[in-house]
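User: I am new to this structure and would like a close look at a single part of it, the small sheet of three strands. Please take me through that part slowly, and set it in the chain as a whole.

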Amino acid sequence: MDEQSEEELLWIRGPFLNYEEDFGVFVVHGHTPVEHIDRRANPLDVDTEAYASGHLTCAVLEGANMKFITATTDDWNLFDIIPTHK
């Protein structure tokens, strides 16, 4: 990050989200709202826009294992696969 300009840090979203090469690390991020968790080869977007959708979602990462929790004001669930909300 020290090598990136302020402009890159502010406006890198498009190139980051569309990048298909290996990052060298697995990246979990938010700040790009999606209807349900967006799992790609490198990044994992967990921003399900809780303030608008009513679904708060998080990823539980333990080594190579990945689970997802989604919660509403009424209930919560644990999934081994990426949940989708209707």
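Analyst: What follows starts with the chain as a whole, then turns to the sheet, and ends with the residues in and around the sheet.

The model is a predicted one, and its chain has three helices and six strands. Read from the N terminus, the elements follow the order α-α-β-β-β-α-β-β-β. Taken along the principal axes, the C-alpha atoms fill a box of roughly 45 × 30 × 20 Å. Of the 86 residues in the chain, 21% are buried, and the area that the chain exposes comes to about 6700 Å², with carbon and sulfur atoms supplying 53% of it. Among the contacts with a separation of 6 or more, 14% join residues that are 24 or more positions apart. The chain carries 5 positive and 17 negative charges, and the mean positions of these two groups lie 9 Å apart.

Now to the sheet itself. In general, the strands of a sheet pair through backbone hydrogen bonds, in either a parallel or an antiparallel sense. Here the three strands make an open sheet in the order 1-3-2, and the pairing is mixed. Strand 1 and strand 2 stand at the edges with a single partner strand each, so one side of each of them has no neighbour in the sheet. Strand 2 pairs with strand 3, which covers residues 43-45, in the antiparallel sense over two bridges. Within this part of the sheet, aspartate 38 stands opposite aspartate 45 of strand 3.

Aspartate 38 deserves a further look, as it also takes part in a salt bridge. Side chains of opposite charge can pair when their charged atoms come close. Aspartate 38 forms such a salt bridge with arginine 40, and the closest N and O atoms of the two are 3.0 Å apart. The structure holds one salt bridge. Aspartate 38 counts as partly exposed because its relative accessibility is 22%, and arginine 40, at 36%, counts as partly exposed too.

On strand 1, which spans residues 27-29, the residue to look at is histidine 29. Its relative accessibility is 12%, and histidine 29 therefore counts as buried, given that the cut-off for buried is under 20%. Once its neighbours within four places in sequence are set aside, histidine 29 is in contact with Phe16, Leu17, Pro43, Leu44, Asp45, Val46 and Asp47. Of these partners, Pro43, Leu44 and Asp45 fall within the residues 43-45 of strand 3.

Phenylalanine 26 lies in the loop between helix 2 and strand 1. With a relative accessibility of 35%, phenylalanine 26 counts as partly exposed. Not counting residues up to four places away in sequence, phenylalanine 26 touches Arg39, Ala41, Asn42, Leu44 and Met66. Leu44 is thus named among the contacts of phenylalanine 26 and also among those of histidine 29. Between the C-alpha atoms of phenylalanine 26 and valine 46, which are 20 residues apart along the chain, the separation is 13 Å.

One of the contacts of phenylalanine 26, Met66, leads on to another pair of strands, as strand 5 covers residues 65-71. Strand 5 pairs with strand 4, residues 56-62, in the antiparallel sense over seven bridges. These two strands form a hairpin with two residues between them, and glycine 63 in the turn has a positive phi of about 65 degrees. Across this hairpin, glutamate 62 has asparagine 65 of strand 5 as its bridge partner.

Conventions. Residues are numbered from 1 along each chain as its sequence is written. This is a predicted model: local features need pLDDT of at least 70, side-chain atom pairs count only at pLDDT 80 or more; totals for chains, interfaces and linings use all residues. Side-chain values use heavy atoms; hydrogens and water are left out. Two strands pair if DSSP finds at least two bridges between them. Helices (H or I, at least four residues) and strands (E, at least two) are DSSP runs, numbered from the N terminus. Buried means under 20% relative accessible area, exposed over 50%, partly exposed in between (1.4 Å probe, protein chains only). Contact means heavy atoms within 4.5 Å. Accessible areas come from the Shrake-Rupley method with a 1.4 Å probe; for residues, only the protein chains shown count as cover. Lys and Arg count as positive and Asp and Glu as negative; His and the chain ends are not counted. The place of a charge is taken as NZ of Lys, CZ of Arg, CG of Asp or CD of Glu. A salt bridge is a side-chain nitrogen of Lys or Arg within 4 Å of a carboxyl oxygen of Asp or Glu.
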